[in-house]
Amino acid sequence: MEGSKSPQGDLILRTLAMPADTNPAGDIFGGWIMSQMDIAGGIRAREVTGARIVTVAVESITFIKPVRVGDVVCCYGDVVRIGTTSVTINLEVWVKPSMNSASAAGNKFQVTRAAFTYVAVDDDGKKKVIQR
Ligand SMILES: CC(C)(COP(=O)(O)OP(=O)(O)OC[C@H]1O[C@@H](n2cnc3c(N)ncnc32)[C@H](O)[C@@H]1OP(=O)(O)O)[C@@H](O)C(=O)NCCC(=O)NCCS
């Protein structure tokens, strides 16, 4: 499966894939990647809504290529819909390969994409209208 030619959206988060984030085969857990995406999307959703937010849905998550220890993981986000109480953000994860990897000479490539939806909530965790 091929990724895009270039990242869509703004760079929101960069981090490093660590040995503690691997499965027994030595690749990075998909759940860890999803967590980074949720953090990145949450940062963007808070900026857009100016409110406390919760994740309500994750759609169409696709893992395109594996992530390896030492890769620099970059999450890009693009706000695609602002509703009454919710905001949907397309998130893409790209990696810059580790200096030790065989593909170290290569450019960054896309590993994951998904659409995350967040709902603005009040102090009691009830949905609230997004002020625009
Ligand atoms: C998010 C939550 C506050 C929504 O409460 P609710 O009163 O049931 O809200 P609604 O069903 O009316 O949906 C609210 C908004 O979310 C959207 N939404 C709800 N389910 C959705 C789904 N599966 N996919 C996309 N959007 C969804 C609705 O379209 C609506 O958006 P809009 O107001 O912009 O039109 C409530 O479901 C909740 O607290 N969920 C748990 C959140 C959480 O703990 N997340 C972390 C998980 S670890």
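Reader: Which residue in β5 does Val58 stand opposite?
Author: Phe116. This is a predicted model, where local features need pLDDT of at least 70, side-chain atom pairs count only at pLDDT 80 or more, and totals for chains, interfaces and linings use all residues. Residues are numbered from 1 along each chain as its sequence is written, and side-chain values use heavy atoms, without hydrogens and water.

Reader: What makes β2 and β5 a pair?
Author: Strands (DSSP runs of E, at least two residues, numbered from the N terminus) pair if DSSP finds at least two bridges between them. β2 and β5 have nine, in the antiparallel sense, so they pair.

Reader: Which residue is the bridge partner of Ile89 in β5?
Author: Phe116. Strand β4 (residues 86-96) pairs with β5 over 10 bridges, also antiparallel.

Reader: Why is β5 called mostly covered?
Author: Buried means under 20% relative accessible area (1.4 Å probe, protein chains only). In β5, 11 of its 13 residues are buried, so the strand counts as mostly covered.

Reader: What makes the approach of Ser86 to the ligand a polar contact?
Author: A polar contact is a pair of N or O atoms within 3.5 Å. An N or O atom in the Ser86 side chain is 2.7 Å from a ligand oxygen, so the pair qualifies.

Reader: How do you know that Thr55 makes one too?
Author: A backbone N or O atom of Thr55 lies 2.8 Å from a ligand nitrogen. That is within 3.5 Å, so the pair counts.

Reader: Which element gives the largest share of the shell around the ligand?
Author: β2, with four residues.

Notes:
A polar contact is a pair of N or O atoms within 3.5 Å; within protein, one must be able to donate a hydrogen and the other to accept it, and residues adjacent in sequence count only if both atoms are side-chain atoms. Buried means under 20% relative accessible area, exposed over 50%, partly exposed in between (1.4 Å probe, protein chains only).
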